[in-house]
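I set out to record what can be looked up in this structure. The entries follow the order in which I consulted it.

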Amino acid sequence: SSDVCSSDLNRSGLVTALVLVLDGWDPTDAVSLIRRCRSSMALCNEDFVEWLHAKSSSVVASRTRPQVA
């Protein structure tokens with residue numbers, strides 16, 4: 001609905017969840033935390049949640065840099 005879009009509960013939720021995943025959170029736990037703290041309607045766009053589960057590990061892997069000795 002337009003209310004959900006105007007409240008930006010999906011886009012900001014996705015960005016927040018991705019930051020949490022980059023910080024070591026499990027995607028499911030990140031989504032649960034956001035919904036508990038922000039709104040139960042946060043990340044109600046299941047495409048965003050599916051993307052987070054499917055792609056977040058590759059985003060994390062691309063951000064991991066080898067340690068320099």
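**Entry 1: helix 2 against helix 3**

I began with the pair formed by helix 2 (residues 11-22) and helix 3 (residues 27-37), whose axes come within 9 Å and cross at roughly 135°. The model I am reading is a predicted one. Angles over 145 degrees would count as roughly antiparallel and those from 65 to 115 as roughly perpendicular. Helix 2 and helix 3 are therefore oblique to each other. I noted the crossing of helix 2 past helix 3 as right-handed.

I then listed the residues at this contact. Helix 2 contributes Gly13, Thr16, Ala17, Leu20 and Val21, which meet Pro27, Ala30, Leu33 and Ile34 of helix 3. By class, the residues of this contact of helix 2 with helix 3 are 7 nonpolar and 2 polar, with no charged residue.

**Entry 2: leucine 20**

From that contact I selected leucine 20, which lies in helix 2. Is leucine 20 buried or exposed? Its relative accessible area is 17%, and the cut-off for buried is under 20%, so leucine 20 counts as buried.

I next looked up its partners, leaving aside neighbours within four places in sequence. Leucine 20 is in contact with Trp25, Ala30, Leu33 and Ile34. For alanine 30, I also recorded the C-alpha separation from leucine 20: 6.2 Å, with the two residues 10 apart along the chain.

**Entry 3: the fold as a whole**

I stepped back to the whole chain. The protein has 4 helices and 0 strands, and along the sequence the pattern reads α-α-α-α. Of its 69 residues, 29% are buried. The protein exposes about 4800 Å², of which carbon and sulfur atoms supply 55%. I also checked how far apart in sequence the contacting residues lie. Among contacts between residues at least 6 apart in sequence, 60% join residues at least 24 apart.

**Entry 4: helix 2 against helix 4**

I returned to helix 2 and looked up its pairing with helix 4. Their axes come within 10 Å and cross at roughly 40°. Helix 2 and helix 4 are therefore oblique to each other, and their crossing is right-handed. On the helix 2 side the contact is made by Arg11, Leu14, Ala17, Leu18, Val21 and Leu22, and on the helix 4 side by Phe48, Trp51, Leu52, Ser56, Val59, Val60 and Arg63. I counted the classes for this contact of helix 2 with helix 4 as 10 nonpolar, 1 polar and 2 charged.

**Entry 5: helix 3 against helix 4**

The next pair was helix 3 with helix 4. These pack at an angle of about 145°, and their axes are 10 Å apart. Pro27, Thr28, Val31 and Arg35 of helix 3 meet Glu46, Val49, Leu52, His53 and Ser56 of helix 4. The contact of helix 3 with helix 4 comprises 4 nonpolar, 3 polar and 2 charged residues.

**Entry 6: arginine 35**

I followed arginine 35, which is placed in helix 3. Its relative accessibility is 28%, and partly exposed covers the range between 20% and 50%, so arginine 35 counts as partly exposed.

Which residues does arginine 35 contact, leaving aside its neighbours within four places in sequence? I found Ser40, Ala42, Leu43, Cys44, Glu46 and Val49. I also looked up leucine 9, which is 26 residues from arginine 35 along the chain; their C-alpha atoms are separated by 9.4 Å.

**Entry 7: the loop between helix 3 and helix 4**

Two partners of arginine 35, Ala42 and Leu43, led me to the loop. Alanine 42 is placed between helix 3 and helix 4 and counts as buried, at 0% relative accessibility. Beyond its neighbours within four places in sequence, alanine 42 is in contact with Leu9, Ile34 and Arg35. Its C-alpha atom is 6.1 Å from that of glycine 13, although 29 residues along the chain lie between the two positions as a sequence offset.

Leucine 43 is in that loop, ahead of helix 4 (46-63). Leucine 43 is buried, with a relative accessible area of 0%. What is the phi of leucine 43? I read a value near 55°, which is positive in a residue other than glycine.

Definitions and conventions. Residues numbered from 1 in each chain as written. Predicted model: local features only at pLDDT ≥ 70, side-chain atom pairs only at ≥ 80, totals over all residues. Heavy atoms only, no water. Helix = DSSP H or I, 4+ residues; strand = E, 2+ residues; numbered from the N terminus. Buried < 20%, exposed > 50% of the residue type's maximum accessible area, 1.4 Å probe, protein only. Contact = heavy atoms within 4.5 Å. Areas by Shrake-Rupley, 256 points an atom, 1.4 Å probe, with all protein chains shown as cover. Axes fitted to C-alpha atoms, helices over the stretch in contact; angles between N-to-C directions. Parallel < 35°, antiparallel > 145°, perpendicular 65-115°, else oblique. Left-handed = near helix turned anticlockwise from the far one by under 90°. Nonpolar A, V, L, I, M, F, W, Y, C, P; charged D, E, K, R; others polar.
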